[in-house]
Amino acid sequence: MLSSLLNLRRQPPLPYKHAIPRSYNQPCYRSLSTQLLTPTSRIYISKSTDPYFNLTLEDWLFKHHPVDSPLLFLYRDEPCVVIGRNQNPWKEVNLSALRKRPGVPFIRRRSGGGTVYHDLGNTNFSLHLPRLSFDRHVTAQTILRAVRSLAIDARVNDRNDICVGTNKVSGSAYKIVNKRAYHHGTMLISTQLDTLGDLLRTNKETMITKGVASVRSPVCNLQQFSSSITHDLFCNAVIAEFRNEYGVDDEVCLVEDTDEVRNIDYIKKGMLELPNWEWAYGQTPEFSYTLSKSFSWGNVNGEIKSKHGIILSCALQVENYSPDDNSVTESIAHLGKLLEGQRYAFIDDAILGAINGPVGDVRTWLWSAMES
């Protein structure tokens, strides 16, 4: 138990290394359900599983926590796909498969890195530190020690991912702003790996983006090596290593998803921003998509260019059209012109009017290609 540890004199934030002995298993908790949430504690666990709430809470803690103090935030989410700040959702997410799972959104987070899948079998960790003392290798080793303390023979690879054997169990992303930095990541404990694969498996090699591309890796769950590992057990292990590494003796603050917390102005605005088109799609870096299609009446080659989710150009060329009719090829080229200025994959059909024949075929094909 921690009663004796909590009576220790608080150590200064630096130096961090091994200020608290590893002599406990169960942290002390303090619920924030009935009191105003403040950003001054140093260990938080969210009781919410709403990804919009948790991602915004993480950002609020990052912006409002004292700049010279370490912080640990742990949470898990209902199923969702989370893409990096500078990624392309049409490149990274199988949107066709996502639409078959109502209630499973994709969300653009506020940090860089690659695309990940969250569900209740995955635990997310977030370590915030002063920029001058931030070292992503040290934070990775902190999480690694937590995993190894659960009798898992894990290692950190050259990309700072945590692996067991050749399979990844944890991927990470980072954010550095002014005097603060954080390292956050996933830990696969009992995630539905088939769903993860379906939603993150895409095949758009001809879509060239200026954003960050995910690095695909084989993955596995910790429970494949030890069925006793749970969210709570992993959280306790991370808390122990965080305390030991950074000299923290704070009790754990449990954050409840209450109206009082949601009505904090920064959190309210952040939760409204994440699902908005302007953030989810409108932050997409510039990309081009080259595609082609054979129809019974001929072949069409196309190149779509888009920036910030807006179509800059759509060049359509017809080959081997039979019968030879310039009006049809011109109409198909004109269709591409009409798409300029439209939101990619959110085309207003009203501007096109009634279209049939070969031009209608091309429209149906393009719409399907953009939405997939």
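This talk covers helix packing, one buried helix, salt bridges and two unusual backbone angles in a predicted model.

Good morning, colleagues. I shall begin with the helix pairs. Two packed helices are described by the angle between their axes and the distance between the axes. The pair to consider here is α4, residues 136–148, with α6, residues 231–246. Their axes lie 8 Å apart and make an angle of about 135°. That angle makes α4 oblique to α6. As for handedness, α4 passes α6 in a right-handed crossing.

Which residues form this contact? On the α4 side they are V138, T139, T142, I143, R145, A146 and V147. On the α6 side they are F234, A237, V238, E241, F242, E245 and Y246. Sorted by class, the contact of α4 with α6 comprises nine nonpolar, two polar and three charged residues.

The other pair on my list is α10, residues 326–338, with α11, residues 357–371. The angle here is about 30°, and the axes are 9 Å apart. The cut-off for roughly parallel is an angle under 35 degrees, and α10 and α11 are therefore roughly parallel to each other. The crossing of α10 and α11 is right-handed. From α10, the residues V328, S331, I332 and L335 take part, and they meet P358, V359, V362, R363 and L366 of α11. This contact of α10 with α11 divides into seven nonpolar residues, one polar and one charged.

I turn next to helix α5, which spans residues 193–200. Its buried residues are T195, L196, G197, L199 and L200. What do these buried residues pack against? The partners are the strands β4 (80–83), β6 (116–118) and β12 (180–188), together with the helices α2 (89–92) and α3 (95–99).

Let us look at T195, which has its place in helix α5. Why is T195 classed as buried? Its relative accessible area is 14%, and the class of buried requires a value under 20%. Leaving aside residues up to four places away in sequence, T195 touches R101 and Y117.

My next topic is charge pairing. Side chains of opposite charge can pair when their charged atoms come close. A search of the whole structure finds 19 salt bridges, and I shall discuss three, beginning with D59 and K63.

The side chains of D59 and K63 meet at 3.8 Å, N to O. Both residues sit in helix α1, residues 51–64, and because they are four residues apart, about one helical turn separates them. An α-helix has 3.6 residues a turn, so residues three or four places apart point the same way. Are the two partners buried or exposed? D59 is buried, at 4% relative accessibility, whereas K63 is partly exposed, at 42%.

D59 also forms a salt bridge with R110, with 3.8 Å between the closest N and O atoms. This pair links distant parts of the chain: R110 is in the loop between β5 (106–108) and β6, D59 is in helix α1, and their positions lie 51 residues apart in sequence. R110 is buried, with a relative accessible area of 15%.

The remaining example is K269 with D265, where the closest N and O atoms are 3.2 Å apart. These residues belong to helix α8, residues 265–273, and being four residues apart, they are separated by about one helical turn. K269 counts as exposed, at 53% relative accessibility, while D265 is partly exposed, at 46%. Salt bridges that share partners also join D59, K63, R110, K175 and E273 into one network.

Finally, a remark on the backbone. Where does the model place a positive phi in residues other than glycine? One such residue is N178, whose phi is about 50°. N178 is found in the loop between β11 (172–177) and β12, and it is exposed, with a relative accessible area of 62%. Another is H308, with phi near 55°. H308 lies in the loop between β16 (298–307) and β17 (310–319). H308 is partly exposed, with a relative accessible area of 43%.

To close, I return to the helix pairs: α4 is oblique to α6, whereas α10 and α11 are roughly parallel to each other. Thank you for your attention.

Note on methods
Residues numbered from 1 in each chain as written. Predicted model: local features only at pLDDT ≥ 70, side-chain atom pairs only at ≥ 80, totals over all residues. Heavy atoms only, no water. Axes fitted to C-alpha atoms, helices over the stretch in contact; angles between N-to-C directions. Helix = DSSP H or I, 4+ residues; strand = E, 2+ residues; numbered from the N terminus. Parallel < 35°, antiparallel > 145°, perpendicular 65-115°, else oblique. Left-handed = near helix turned anticlockwise from the far one by under 90°. Contact = heavy atoms within 4.5 Å. Nonpolar A, V, L, I, M, F, W, Y, C, P; charged D, E, K, R; others polar. Buried < 20%, exposed > 50% of the residue type's maximum accessible area, 1.4 Å probe, protein only. Salt bridge = Lys/Arg side-chain N within 4 Å of Asp/Glu carboxyl O.
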